[in-house]
Amino acid sequence: MTRALALLLVLVALVGGFVLIENGRRHAAEERASRAEDARREAEATRDLALASERVVVRYVDRVQVVRANAQIITKEIPIYVTPTADAACTVPVGFVRLHDAAAANQPTGTSPGNLDAPAAGVALSDVAGAVADNYATCHANAEQVIGLQDYVRELLRLRNP
């Protein structure tokens, strides 16, 4: 009887060990499957983000190219709209040049010695028109960049919170 009991205990121990081993294998397989699923989702998210980034960059670059092309056209048209006669007739004062340059540098003008109404040497009205056109082109390019960044952030949020 003790021998039968001992045999039964050994059998129970073997079955229990087998069950534990199988549970461990099943758990390990589930863990591997879970990690594989996580890796697959991460790969999809990375792919989706790369595609979204590419779409946003292409749209941004296209819009900036349009801005630059329009700026070139406008700059070429300066002599048509600001003629040599207009250049000769309009004196650009030193005060205007100082104010414009301070605004372009985003710096206060400070004190302004001298006659601010005096003509600025070598600055024609057409030069002012060129600077203004260039400044607006830069402004529009910056605006397109901000729009592109906003689109990118919206796309990131959409991908992260479907």
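Trainee: What area does the protein chain expose, and what share of it do carbon and sulfur atoms supply?

Mentor: In this predicted model, the protein chain exposes about 12200 Å², and carbon and sulfur atoms supply 64% of that area.

Trainee: How do you know what radius of gyration a compact globule of 162 residues would have, and what does the protein chain have instead?

Mentor: The rule for a globule is 2.2 Å times the number of residues to the power 0.38, and for a compact globule of 162 residues the radius would be near 15 Å, but the protein chain has 37 Å. Taken along the principal axes, the box filled by its C-alpha atoms is roughly 125 × 35 × 20 Å.

Trainee: What elements make up the protein chain, and in what order do they run?

Mentor: The protein chain has 5 helices and 0 strands, and from the N terminus on the elements run α-α-α-α-α. Among the helices are H1, covering residues 2-76, and H5, covering residues 125-160.

Trainee: What share of the 162 residues is buried, and what makes a residue count as such?

Mentor: A residue is called buried when its relative accessible area is under 20%, and in the protein chain buried residues make up 14% of the 162 residues. As for contacts with a separation of 6 or more, 84% of them are accounted for by residues 24 or more positions apart.

Trainee: Why is Glu144 called buried, and where is this residue placed?

Mentor: Glu144, whose place is in helix H5, has a relative accessibility of 17%, and because the limit for buried is under 20%, Glu144 counts as buried. Not counting residues up to four places away in sequence, Glu144 touches Tyr60, Arg63, Val64 and Val67.

Trainee: What makes the pair of Arg63 and Glu144 a salt bridge?

Mentor: The closest N and O atoms of Arg63 and Glu144 are 2.5 Å apart, and because the cut-off is a side-chain nitrogen within 4 Å of a carboxyl oxygen, the pair qualifies as a salt bridge. This pair links distant parts of the chain, with Arg63 in helix H1 and Glu144 in helix H5, 81 residues apart.

Trainee: Why is Arg63 called partly exposed?

Mentor: The relative accessible area of Arg63 is 24%, and because partly exposed lies between the limits of under 20% for buried and over 50% for exposed, Arg63 is partly exposed.

Trainee: How do you know that Asp151 and Arg63 also meet in a salt bridge?

Mentor: The N to O distance between the side chains of Asp151 and Arg63 is 3.7 Å, and because the cut-off is within 4 Å, the pair counts as a salt bridge. The pair again links distant parts of the chain, Asp151 being in helix H5 and Arg63 in helix H1, 88 residues apart.

Trainee: Is Asp151 buried or exposed, and which residues does Asp151 touch?

Mentor: Asp151 has a relative accessibility of 17%, and because this lies under 20%, Asp151 counts as buried. Leaving out residues up to four places away in sequence, Asp151 touches Val56, Arg59 and Arg63.

Trainee: How are Arg40 and Glu44 separated along helix H1, and what makes them a salt bridge?

Mentor: Arg40 and Glu44 are separated by about one helical turn because they are 4 residues apart in helix H1, and their side chains meet at 2.4 Å, N to O, which means that the pair satisfies the cut-off of within 4 Å. Both count as partly exposed, Arg40 at 38% relative accessibility and Glu44 at 31%. A search of the whole structure finds 13 salt bridges.

Trainee: Which residues make up the largest nonpolar core?

Mentor: The largest nonpolar core has 5 residues in all, namely Val92, Val94, Val97, Ala120 and Val128. Leaving aside neighbours within four places in sequence, Val94 is in contact with Asn115, Leu116, Ala118, Pro119 and Ala120.

Trainee: Which residues make the nonpolar surface patch of about 770 Å², and why is Leu11 called partly exposed?

Mentor: The patch is made by Leu5, Leu8, Leu9, Leu11, Val12, Val15, Phe18 and Val19. Leu11, whose place is in helix H1, has a relative accessibility of 49%, and because exposed requires over 50% and buried under 20%, Leu11 counts as partly exposed.

Note on methods
Residues are numbered from 1 along each chain as its sequence is written. This is a predicted model: local features need pLDDT of at least 70, side-chain atom pairs count only at pLDDT 80 or more; totals for chains, interfaces and linings use all residues. Side-chain values use heavy atoms; hydrogens and water are left out. A nonpolar core is a set of buried Ala, Val, Leu, Ile, Met, Phe, Trp, Tyr and Cys residues joined through side-chain atoms within 4.5 Å. Buried means under 20% relative accessible area, exposed over 50%, partly exposed in between (1.4 Å probe, protein chains only). Contact means heavy atoms within 4.5 Å. Helices (H or I, at least four residues) and strands (E, at least two) are DSSP runs, numbered from the N terminus. Patches are made of residues with over 30% relative accessible area and no salt bridge: like charges are joined within 9 Å, nonpolar side chains (Val, Leu, Ile, Met, Phe, Trp, Tyr) within 5 Å. Accessible areas come from the Shrake-Rupley method with a 1.4 Å probe; for residues, only the protein chains shown count as cover.
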